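New to this one? Have a look at the structure below, and then we'll walk through a few of its features together.

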Amino acid sequence: MQTHLRIGIIGGGIGGAALARSLDAAGIDYHLFEKASAFGEVGAGVQMTPNAVKVLKALNLGEDLRRMGFLPEAMVGRNGQTGQELFRTPLKTTCPALFGAEFYHVHRADLHAALCRNIPADKATLGLQCTGIVQAGGNAAATFSDGSRFEADLIVGADGIHSVVRDALWGKEPARYTGHMCWRGLVEVDRHPLPFVSPDAAFWMGPKGHVVTYYVKGGAAVNIVAVNENRDWVEESWTVKSTRQELLNGFAGWHDDLAELFRRTDPDQIYKWGLFDRDPMACWSKDRVTLLGDAAHAMLPFLSQGAAMAIEDGYVLAQALAHWGTDVPAALAAYEAERRPRTARVQLEARERGRTYHMSSPDELKKRDQEYKAEQARNPNAVGIKAEWVYQYDATNCRERFEREPGKN
């Protein structure tokens with residue numbers, strides 16, 4: 001059904017592309033603006049947990065996931081130094097029954113390309129930087145570096161942690177450096193699985209750091225996310241190059257399997273950056289402008305939910321606009337009511353996982369590991385990182401929840 005709205009999307013990353021695809025499916029007109037000269041994402045993996053997969057399937061990307069993704073056998077927690085298994089949660093055989101969808105590992109660029117596919121050329125402007133927001137007369141307008149402006153019924157800031165739209169609404173407030181730095185790398189493999197990398201989502205936990213490894217591209221490469229605590233500020237950018245030796249030095253004394261994996265990392269695919277986040281916001285919207293993804297709820301990657309939350313946001317916002325039609329304020333109120341409590345909990349729980357993964361006190365480690373084993377014995381299907389509540393959520397049911405709300409046109 002065609003809804004007579006015009007939406008401006010600032011930012012063409014995963015969240016902005018998910019919103020564009022969701023709006024298109026809902027019959028809502030949009031135009032997307034991206035400051036980069038071409039659509040693209042960095043060479044890194046991303047975990048598409050069942051909550052995100054439900055949305056991607058609703059957007060007709062199920063076959064793309066099967067083609068480009070990797071289904072891990074289990075989520076496995078290990079001691080980063082000894083390799084001792086702390087927990088093992090089956091994923092491949094249980095996620096569809098328990099959570100309503102599969103758990104995929106995908107290459108971020110592959111996912112982004114699938115989301116961007118079929119965005120018409122006349123609905124996207126690339127290479128143009130948003131410089132501000134103007135609101136007047138019941139509409140909003142985005143202004144751009146070339147002096148142009150775009151007026152719409154709604155402007156959505158999907159422009160990341162350094163959001164220009166967020167700054168225009170609420171004032172510039174730097175994100176908080178969390179004391180963690182992160183490396184990302186890829187290892188191309190000529191046979192799968194490698195003898196020292198199991199076909200799992202593996203969490204290697206050690207004092208003041210952790211490493212996550214998993215296969216992407218159908219098993220043709222291993223993605224590495226390696227985090228350690230570092231008081232020195234590191235730039236919040238995904239494009240700062242690092243080296244194999246720097247990565248190895250950051251995890252000296254860790255298990256030999258990790259050292260071997262690090263030694264095989266593509267030297268042109270090793271990046272480092274600082275991890276930043278923000279406290280949950282009390283409000284995302286002002287008049288005819290709202291936020292989505294990292295612009296609204298920048299979070300640490302310790303629950304693997306940054307991209308998933310942005311995908312959920314995009315779908316729910318499109319459904320709210322389709323449901324309330326031209327009553328944009330009602331749609332935004334419903335969008336925030338649905339999304340802010342969930343994303344706030346993910347933000348705060350992700351912070352807590354950083355503490356859990358990086359414990360160094362012998363007493364704390366003993367207690368944590370005993371809790372893992374007890375939970376494993378109680379329920380072999382329990383997610384070791386305590387994320388069942390994340391995976392159970394189904395954004396595709398949001399219209400049913402909207403139906404219970406008053407005020408529908």
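## The sheet

In this predicted model, eight strands come together as an open sheet with mixed pairing, in the order S5-S4-S13-S14-S15-S12-S17-S16. Strands S5 (85-90) and S16 (240-241) sit at the edges with a single partner strand each, so one side of each has no neighbour in the sheet.

Now pick out S14 (residues 209-216) and S15 (residues 221-229): these two run antiparallel and are joined by eight bridges. To follow one of those links, start at His-210, whose bridge partner in S15 is Val-227.

## Aromatic rings

There's plenty to see among the rings too, with a count of 14 aromatic pairs. Take Phe-251 and Trp-254: their ring centres are 5.0 Å apart and their planes stand at 90 degrees, which is over the 60 needed, so this pair counts as edge-to-face. Are these two residues buried or exposed? Phe-251 and Trp-254 are both buried. They also belong to a cluster, linked by ring pairs, that takes in Trp-183 and Phe-262.

## Arginines over rings

Two tryptophans have an arginine over the ring face. Arg-78 lies over Trp-204, 5.7 Å from the ring centre, while Arg-345 lies over Trp-389, at 3.7 Å from the ring centre.

## A helix with a bend

Finally, find helix H11, which covers residues 328-357. Its 30 residues reach 42 Å from the first C-alpha to the last, close to the expected 44 Å. Where does H11 bend? The bend is at Arg-339, by about 30 degrees, and a proline, Pro-341, follows within four residues.

Notes:
Residues numbered from 1 in each chain as written. Predicted model: local features only at pLDDT ≥ 70, side-chain atom pairs only at ≥ 80, totals over all residues. Heavy atoms only, no water. Expected span 1.5 Å × (residues − 1). Bend = angle between axes of the 7 residues up to and from the residue. Phe/Tyr/Trp six-rings, centres within 6.5 Å; stacked < 30°, edge-to-face > 60°. Buried < 20%, exposed > 50% of the residue type's maximum accessible area, 1.4 Å probe, protein only. Lys NZ or Arg CZ within 6 Å of the ring centre and 35° of its normal. Pairing = 2+ DSSP bridges.
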